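Please look at the model below with its aromatic side chains in mind, and follow the text from one ring to the next.

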Amino acid sequence: MPYIAGMAQHDRRSFLKLTALAGAFSSNSFFQQAHAEEWQAAASAVHHHDAATVAQNEDFWSVIQRGYSVSPLILNLNNGGVSPAPIVVQEAVARYNQMTNEGPSYFMWQILDQGREPLRQKLARLAGASAEEIAINRNATEALNTIIYGLPLKTGDEVVGCKFDYPNMMNAYRQRAERDGIVYKQVTFKFPVEDVDAIVKTYEQAMTPRTKLVHITHVVNWVGQIMPVQQIADMAHAHGAEVIVDGAHSFGLLDFRIPDLHCDYFGTSLHKFLSAPIGSGMMWVKQEKIAKLWPLTCYGDPHSPNIRKFEALGTRSFPIEQGIGEAINFHEAIGSRRKQERIHYLKSYWATRVREIKGVTLHTSLDPRFSCAICGVSVEGYTPTELMNTLFDRYKIHTVGIDYEGVRCIRVTPHVYTTLADLDRFVNAIGELAAGKKA
């Protein structure tokens, strides 16, 4: 009996090892096992339609929605903070975590760590970039702080950012100003803005001959404004400045390739719209810029032109890292353009309805050039916190309150698993609150 049990355990370990070696990069991926047949049929039914038409095909999206595990206890409309991972991604992480704990030093370093290079290639294809420009890390803050602290800026060098950039990035520049004497300048806007030239001019007017870097948030997290990154970058380069882009809310949502933004540096979280495991991120550095950028953590040769110098993090979550591959499989099976069109359709579905309600104000453009998923909304008589709390307490609808730099609203962000019935529920809630105020 012990012999048989031992054999079963050996077979199980062999299976797990083979699964890890194949993983998300084979025809036997978790995604393929769970969804291939059903999704292929769904895609075949709409293949002759463009992405905008498919965005409104509820039969197609019902197939996608079944790939997520959604709590019946709340309606989550704060996917801009962090998105849930699809079931296959959760299962992959759980399987890799189980295997890791059966022999960590072996399965982590000898098996799962070997999956980083295939993952780098997979991310590079999604980003439209070279794999030698992609570093894998834990989130946008880590990626962008690596760049901000790693750039060889000196006393008097100027950085131009925006008051609506993400706080962790603003604080990084303030620390460099205090530590190294750089000059950190911020422009501001009254959102929504639907004038590309005006946005570019605002950044340009803040620049001087000492400006070395322009920081751009691709999708402003506060209200979802999409910034014209390419045009700002071209202007900045014409003035001799480099460009860093915060793509935390754009990668996995908008259909673009990083080099097409014309930036020099890019960082993102993968656990937002890509729906990768929570605690996963990516950094992109233009190849000729890698050598001059200091790594945030220790590395034998900090001046190496090898992108891997930014991954010297020591022990990390290998299961989370490998789960990213399954999220990419899920994303690619939907299609980047289809995903963007669907999420914009969902935003417009609820936003066009609530803007007709007396006492309700939108704080985000509905023009697809200037917004996609995130939209700010306020109801007369409610502070952002009151509206957020009332929606949750009374309707179990989860949003996030925004009260920053004159923007006072709640931020609402659907995802591909969000149904029209979910949004009808939200619209009805807003209508009732607007009609009854605080009564």
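In this predicted model, the structure holds 20 aromatic pairs, and two of them can serve as a guide to how such pairs are described. Begin with Phe31 and Phe330, whose ring centres are 6.2 Å apart and whose planes stand at 80°, so the pair is edge-to-face, since planes over 60 degrees apart are counted in that way. Phe31 belongs to helix α2, which covers residues 30–46, while Phe330 belongs to helix α12, which covers residues 318–334, and the pair therefore ties together parts that are 299 residues apart in sequence. Both Phe31 and Phe330 are buried.

Now turn to Phe164 and Phe191, where the ring centres lie 5.1 Å apart and the planes are at 65°, so this pair, too, is edge-to-face. Here the partners sit in loops: Phe164 is found in the loop between β3 (158–162) and α9 (167–180), and Phe191 in the loop between β4 (183–187) and α10 (196–205), so the pair ties together parts that are 27 residues apart in sequence. Phe164 is buried, as is Phe191, and these two residues also belong to one aromatic cluster, which they form with Phe189, Tyr203, Trp222 and Tyr404.

Rings can also be looked at together with charged side chains. The charged end of Arg353 sits over the ring of Tyr349, at 3.8 Å from the centre of that ring, and Lys396 lies over the face of Phe392, with 5.4 Å to the ring centre.

Conventions: Residues numbered from 1 in each chain as written. Predicted model: local features only at pLDDT ≥ 70, side-chain atom pairs only at ≥ 80, totals over all residues. Heavy atoms only, no water. Phe/Tyr/Trp six-rings, centres within 6.5 Å; stacked < 30°, edge-to-face > 60°. Helix = DSSP H or I, 4+ residues; strand = E, 2+ residues; numbered from the N terminus. Buried < 20%, exposed > 50% of the residue type's maximum accessible area, 1.4 Å probe, protein only. Lys NZ or Arg CZ within 6 Å of the ring centre and 35° of its normal.
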